[in-house]
Every structure is written in C-alpha cells, then in structure tokens.
Amino acid sequence: MMTVNSPKITRSVEDYLETMYYLEQEKGTIRVKDVAKSLGVKPPSVVEAVKKLSKMDMVSYERYGTIQLKDEGLRIGEIVSYRHQLLKDFLILLGVEEEVAEKDACSMEHVMDVSTLGKFKKFVEFIDVYPDAQDFLEKYREYSK
C-alpha cells in the first residue's frame with residue numbers, strides 16, 4: 001500500500017494534488033479554473049495553493065498557463081486518488097449510495113492507517129475472486145436495510 005509520509009502534506013495539499021492528478025488523467029491538462037471548479041473554490045485560492053505546491057517542488061506553473069505535476073506531486077496525487085477509489089468502491093459494496101460514498105471516501109482517504117486500507121483492498125479483491133461473495137453481499141445488503 002502506498003504511503004505519503006510527510007508532515008508537510010496536509011489534507012488540503014492532498015486534495016489539490018488528487019484533483020490535479022484526476023484532471024491530468026481526464027483532460028490531459030491542468031488549468032486553474034478546472035481545479036477551482038472541481039474543488040469548489042475561487043481561482044485565486046488555487047493560485048495561492050499552486051504557489052505553495054511549487055515551493056514544495058510538487059508542481060510547475062507558468063502564470064496564466066497550465067499546471068504540471070512534478071514527480072512527487074504526481075506520486076502523491078496518484079496515492080490519494082487510489083485510496084479514494086478503493087474506499088468509494090468498498091462503501092458501494094456495502095450498499096452505500098454513490099453520492100454518499102463519494103463524500104465519505106473523500107474524508108476517509110486522509111485519515112485511515114495504511115494497514116486498514118490494506119485490509120479494505122484485500123476485502124475488495126476477495127469479493128472479486130471468491131465465488132460465493134456476491135451472494136453474501138446480496139444477503140448483507142438485504143439485512144442492512
């Protein structure tokens with residue numbers, strides 16, 4: 001399981017890097033206005049965050065240009081994105097509505113221990129490979145209603 005391991009990497013930094021990673025994957029480029037829209041903040045807030053991330057050597061940015069993730073920014077963005085998707089998938093398996101699972105995964109991705117995330121990963125994998133797992137999940141979802 002991938003870890004971030006740095007006291008300078010706050011939840012806010014993780015959110016920015018995750019969003020930038022996602023935008024790069026989806027659109028091929030990272031623009032201030034797209035980051036602002038995704039995070040529900042104003043563009044000047046994104047510019048301030050990008051300046052901070054640039055000083056941390058996570059991104060490069062030319063004023064009025066696009067943002068580029070550097071190696072460490074890309075690595076952290078990928079880690080947080082992976083955690084988010086894993087947690088969201090797990091919550092949906094449990095029968096949590098997608099919108100709620102999305103919101104909860106966003107909160108959980110920052111605070112869970114890597115060993116706990118590892119168990120979630122193994123559980124999701126197990127559900128995919130164990131023949132009776134889908135029946136078990138169906139019965140659980142009925143029970144939990």
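The following is a dialogue about a predicted model, its salt bridges and one surface patch.

Biologist: What are the ground rules for this model?

Modeller: It is a predicted model, in which local features need pLDDT of at least 70 and side-chain atom pairs count only at pLDDT 80 or more, while totals for chains, interfaces and linings use all residues. Residues are numbered from 1 along each chain as its sequence is written, and side-chain values use heavy atoms, with hydrogens and water left out.

Biologist: What makes Glu14 and Arg83 a salt bridge?

Modeller: A salt bridge is a side-chain nitrogen of Lys or Arg within 4 Å of a carboxyl oxygen of Asp or Glu. For Glu14 and Arg83 the N to O value is 3.9 Å, so the pair meets the rule. The pair links distant parts of the chain, 69 residues apart: Glu14 is in helix α1 (residues 11-27) and Arg83 in helix α4 (residues 71-93). Helices here are DSSP runs of H or I, at least four residues, numbered from the N terminus.

Biologist: Why is Glu14 called buried?

Modeller: Buried means under 20% relative accessible area, exposed means over 50%, and partly exposed is in between, with a 1.4 Å probe and protein chains only. Glu14 has 7%, so Glu14 is buried. Arg83 has 9% and therefore also counts as buried.

Biologist: How do you know that Lys88 forms a salt bridge with Glu102?

Modeller: The closest N and O atoms of Lys88 and Glu102 are 3.0 Å apart, so the pair satisfies the salt-bridge rule. Lys88 lies in helix α4 and Glu102 in helix α5 (residues 98-108), 14 residues apart.

Biologist: Are Lys88 and Glu102 buried or partly exposed?

Modeller: Lys88 has a relative accessibility of 12%, so Lys88 counts as buried. Glu102 has 32%, so Glu102 is partly exposed.

Biologist: What makes Glu125 and Lys121 a salt bridge?

Modeller: Their side chains meet at 2.9 Å, N to O, so this pair fits the rule too. Both lie in helix α6, four residues apart, about one turn of the helix. Glu125, at 31%, counts as partly exposed, as does Lys121, at 30%. Elsewhere, salt bridges that share partners join Lys88, Glu98 and Glu102 into one network.

Biologist: How many salt bridges are there by this rule?

Modeller: The count comes to 10.

Biologist: Why is Val129 called exposed?

Modeller: Val129 has a relative accessible area of 66%, so Val129 is exposed. Val129 lies in helix α6 (residues 114-129).

Note on methods
Helices (H or I, at least four residues) and strands (E, at least two) are DSSP runs, numbered from the N terminus.
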